[in-house]
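Trainee: Could we go through this one together, starting from the model itself?
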Amino acid sequence: MESYYVVKNTKEKDELFTVIDAESLEEVQAIFRIRYKEEVEKMGSGDSFYFFSAKEELKFDESNRLIFPDGGMIGMHSI
């Protein structure tokens with residue numbers, strides 16, 4: 001089992017939304033779609049959710065924007 005960060009990206013800021021434990025990226029995305037269906041339905045135009053392996057600590061700059069980890073993003077959900 002591995003932990004995955006889910007980061008919510010909006011026009012105003014990025015923020016750590018949740019952490020999901022799963023066996024694979026596909027499982028993370030399935031869990032996310034079920035568990036956070038209402039949040040996804042409320043997404044504004046241009047909003048996104050990014051998925052990252054939780055092997056590295058997430059960092060945000062002074063403008064609350066994500067500094068992408070060296071491992072990179074492994075998945076994304078947007079409208």
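Here are a few questions on confidence, packing and rings.

Mentor: Bear in mind that this is a predicted model, where local features need pLDDT of at least 70, side-chain atom pairs count only at pLDDT 80 or more, and totals for chains, interfaces and linings use all residues. Residues are numbered from 1 along each chain as its sequence is written, and side-chain values use heavy atoms, with hydrogens and water left out.

Trainee: Which strand has the lowest confidence?

Mentor: pLDDT is the predictor's confidence in each residue, from 0 to 100, and the chain's mean is 88. Strands are DSSP runs (E, at least two residues) and helices are too (H or I, at least four), numbered from the N terminus. Confidence is highest in β2, at 96, and lowest, at a mean of 66, in β6.

Trainee: Where do the buried residues of α1 sit around its axis?

Mentor: Buried means under 20% relative accessible area, exposed over 50%, and partly exposed in between (1.4 Å probe, protein chains only). Leu25, Val28, Ile31 and Phe32 are buried in α1. Going by directions from the helix axis to the C-beta atoms, they cover an arc of only 125°, so they sit on the same side of α1.

Trainee: What kind of aromatic pair do Tyr50 and Phe68 form?

Mentor: Rings of Phe, Tyr and Trp (its six-membered ring) pair if their centres lie within 6.5 Å; planes under 30 degrees apart are stacked, over 60 edge-to-face, the rest tilted. Tyr50 and Phe68 are 5.8 Å apart centre to centre, with 50° between the planes, which makes the pair tilted.
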